[in-house]
Structures are given as structure tokens and as C-alpha cells.
Amino acid sequence: VKKNRMQCALTTSLMGYDFDRVKQVIEKGVDEISVSLWAASAEVFESLYPAKKREDFLELLSRLGRLKKMKKGSLKITACVMCNRINASQMIDLYRLGTQKLGADGVYFTLIDVVDCVSEGLSLLSAQQPQLIADIEKIEALAKGEKVRLDGLEQFKRRIAEADITTGCYD
């Protein structure tokens, strides 16, 4: 990819990822690593990943810190916050996890895609809307003060402000 003067990006959850491979990708000149973040606490992590335990969450936190230490040169790191019913109250904490623990240059917020019979239980509740909107406003102020890039925020704000966010059909 780099020999053809193309940009190269990697998106990962970092769970179960071999860090020797991450180091190789960084050494080869990857331009951006995006890390999906689903939980800012062990309790929410275990709710979203029933087969995982508290120790797995602590390992993920360790991996975020390791990636931050590996960052060099022009490598950009983006935290991709995957908003859903279970973690909606953690948006500020997820922003901080991305910027502080991961050392992200930017944060991207998105709502999960709801798949019938698989993830419909993760679609947001109407009652979560006001707090989520307020939290995003707080995050905008934090990001401005910290000079953190917020990618796709206008689209996210539009989606969470829609009258019926419970269906998972946002556009």
C-alpha cells in the first residue's frame, strides 16, 4: 500500500491482537489506527461481551496504554466510540478513555447498526436521548479545550436528536 503512495489505516478492537503485529504495522508506516471502544468500565464491558470477564477488560486497558506508548511520527490514533443502549451513559468516560488512556488524536462517535434478532436489544431508548445530547455538548467543549479532533460529530448529533432513535434506522 505504502509503495503505491496510498494511505493505510487499521481498525481494531485490540482484543486478542498480537502486539508484535501492531509494532510491524507501525514500522511499515501505517497512517492511522482506529480503535473501537465499547465500554469504559468492567461492568459495561461484561454486559456487552458476556463471554469476557473483568480481567479481559483490564487487559484491554493495558493494551490501550501499550498502543499509546508505541505511537510515533505522524501516526494518528482515533478512538471509535460505539454508542448503544448499554453504554450510552458512558460517552464522557469513553471520550476520556480514548484521549487519555489511548492517546487518541481524534474521537469518532457512532451508533451501532441494529441487526434484527441479533442486536436490537442494543438500540437506544428514548429516555436516554436528553442525557446523551447533553453529554455530547460537554464532550465538544472538552475536545475544543484539549484540541482533540471530533470526526463525524454533526452526523452523530443529528442521529441522536431524531424523534425515534429506538429503531436503529438513523438515516
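**Exercise 1.** Leaving aside its neighbours within four places in sequence, which residues is Gln90 in contact with?

*Solution.* Bear in mind that this is a predicted model. Start by finding Gln90: it sits in the loop between strand 3 (76-83) and helix 4. Next, check its surroundings: Gln90 has a relative accessible area of 8%, so it is buried. Finally, list the partners beyond those sequence neighbours: Ala39, Ala40, Ser41 and Val44.

**Exercise 2.** Work out how helix 3 and helix 4 are arranged, and which residues join them.

*Solution.* Two packed helices are described by the angle between their axes and the distance between the axes. Here, helix 3 covers residues 54-70 and helix 4 covers residues 91-101. Their axes come within 9 Å and cross at roughly 40°. That crossing makes helix 3 oblique to helix 4. Now look at the contact itself: helix 3 brings Leu61, Leu64, Gly65 and Lys68, while helix 4 brings Leu97, Gln100 and Lys101. Sort the residues in this contact of helix 3 with helix 4 by class, and you get 3 nonpolar, 2 polar and 2 charged.

**Exercise 3.** Find out how many disulfides there are, and where Cys80 and Cys83 stand.

*Solution.* A disulfide is a covalent bond between the sulfur atoms of two cysteines. The cut-off to use is sulfur atoms within 2.5 Å. By this rule the count is 0 disulfides. Take Cys80: its nearest cysteine sulfur belongs to Cys83 and is 13 Å away, and Cys80 is in no disulfide. Cys83 is in no disulfide either, with the sulfur of Cys80 as its nearest. Last step, accessibility: Cys80 has a relative accessible area of 12% and is buried. Cys83, at 1% relative accessibility, also counts as buried.

Technical notes. Residues are numbered from 1 along each chain as its sequence is written. This is a predicted model: local features need pLDDT of at least 70, side-chain atom pairs count only at pLDDT 80 or more; totals for chains, interfaces and linings use all residues. Side-chain values use heavy atoms; hydrogens and water are left out. Axes are lines fitted to C-alpha atoms, for helices over the stretch in contact, and angles run from 0 to 180 degrees between N-to-C directions. Helices (H or I, at least four residues) and strands (E, at least two) are DSSP runs, numbered from the N terminus. Angles under 35 degrees count as roughly parallel, over 145 as roughly antiparallel, 65 to 115 as roughly perpendicular and the rest as oblique. Contact means heavy atoms within 4.5 Å. Ala, Val, Leu, Ile, Met, Phe, Trp, Tyr, Cys and Pro count as nonpolar, Asp, Glu, Lys and Arg as charged, and the others, Gly among them, as polar. Buried means under 20% relative accessible area, exposed over 50%, partly exposed in between (1.4 Å probe, protein chains only).
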